[in-house]
Amino acid sequence: MFVSNNKCRQFRKMMIRLKNFLYVLDLRQGTILIAVHQIAISSFFLIILLVAVSHVGGMLAMLHNDMEDDAERRGFYEVAYGGQMTFHEGDVVSTNNQRRFAKAHHHANVTVIFLHTSTLLTSIYLMCCISLLHGAVKYKREYILPWIIAACIAVILSIIALVIGDGYPCVVSTFGGHNLYRFGSAFVMLTYIYSIYTVTSFALETGGGSCARNTVTSNDERGERLLLLDHAAHSSLLSTAQLNKLSHGTKTQFV
């Protein structure tokens, strides 16, 4: 039992390297600050995504109406290059206009799927941030772990998105060039990783897991042993006092 506790202490010393947050706040205050900041950021992005979903839905409906109008027009006539209108019955071979409609419809469907997936993931992340705030305030480690898992997944997805975004000139030009884009991306990632490290350090300080269970078990066993020793000592003292009383007592005390 003591060997297991020593291993737990060594593991905690090896893992916990942060003692404070930005050399000003303790880990609990830093975790609460991180939770509030992440709740604000995720709520802002969630609102933007919901607005985008509503607008894309309207644009997709307009696209469907335009495609139906085009199909209806193609069912009655076809406009030739000479400016002459030739009426016909049945479908015609796909034209450039049809290919544009098909491409726009494909891009719209991909955009809708992307926005709905992003909205779902952002909602889950927002719930994890709220759970982080509750765990930091109440010192409950089980409410902190979901955010750590979600944040690690978010770091991986963010790195992939930033690498892909580096290949689009329109995205890079928004940040003022490749150097500023890469510097800003690296700064954001390092800040986010530091936040994860801070929260992980606080989660390890709150206890829990096998180390805490081993500590509680050892404390319970020590408490039971001390209680038994106390009862034994108390019984021995009573027996000694009774023997002294009987040895120095009179006959009337034995009756």
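In the predicted model, Ile164 is partly exposed, with a relative accessible area of 48%, and its place is in helix H4. Ile164 is also one of the residues of a nonpolar patch on the surface, whose other members are Leu120, Leu121, Ile124, Met127, Ile149, Ile153, Ile156, Leu157, Ile160 and Tyr168, and which together have about 1,100 Å² of accessible area. The elements that contribute two or more residues to this nonpolar patch are H3 and H4, and H4 gives the most, with six residues.

A contrasting environment is found at Ile144, which is buried, with a relative accessible area of 0%. Ile144 lies in the loop between helix H3, spanning 96–138, and helix H4, spanning 145–165. When neighbours within four places in sequence are left aside, the residues in contact with Ile144 are Leu132, Gly135, Ala136, Val199, Phe202 and Ala203. In addition, the C-alpha atom of Ile144 is separated by 6.5 Å from that of Ser131, although the two residues are 13 residues apart along the chain.

Turning to the open spaces of the model, the largest pocket has a volume of about 1,700 Å³. The lining of the largest pocket comprises 39 residues, and of these Ile41, Phe45, Ala154, Ser158 and Met189 lie nearest its centre. At least two residues of this lining are supplied by each of helix H2 (27–74), H3, H4 and helix H6 (178–205). Helices H3 and H4 thus appear both among the elements that supply the lining of the largest pocket and as contributors to the nonpolar patch.

Key
Residues are numbered from 1 along each chain as its sequence is written. This is a predicted model: local features need pLDDT of at least 70, side-chain atom pairs count only at pLDDT 80 or more; totals for chains, interfaces and linings use all residues. Side-chain values use heavy atoms; hydrogens and water are left out. Helices (H or I, at least four residues) and strands (E, at least two) are DSSP runs, numbered from the N terminus. Buried means under 20% relative accessible area, exposed over 50%, partly exposed in between (1.4 Å probe, protein chains only). Contact means heavy atoms within 4.5 Å. Patches are made of residues with over 30% relative accessible area and no salt bridge: like charges are joined within 9 Å, nonpolar side chains (Val, Leu, Ile, Met, Phe, Trp, Tyr) within 5 Å. Accessible areas come from the Shrake-Rupley method with a 1.4 Å probe; for residues, only the protein chains shown count as cover. A salt bridge is a side-chain nitrogen of Lys or Arg within 4 Å of a carboxyl oxygen of Asp or Glu. On a 1 Å grid over the protein atoms alone, a cavity is a set of points where a 1.4 Å probe fits but cannot get out, and a pocket is an open set with protein on both sides within 12 Å along at least five of seven lines; lining residues have an atom within 4 Å of a point. Grid points are joined across faces, edges and corners, and a volume is the space filled by probe spheres set on the points.
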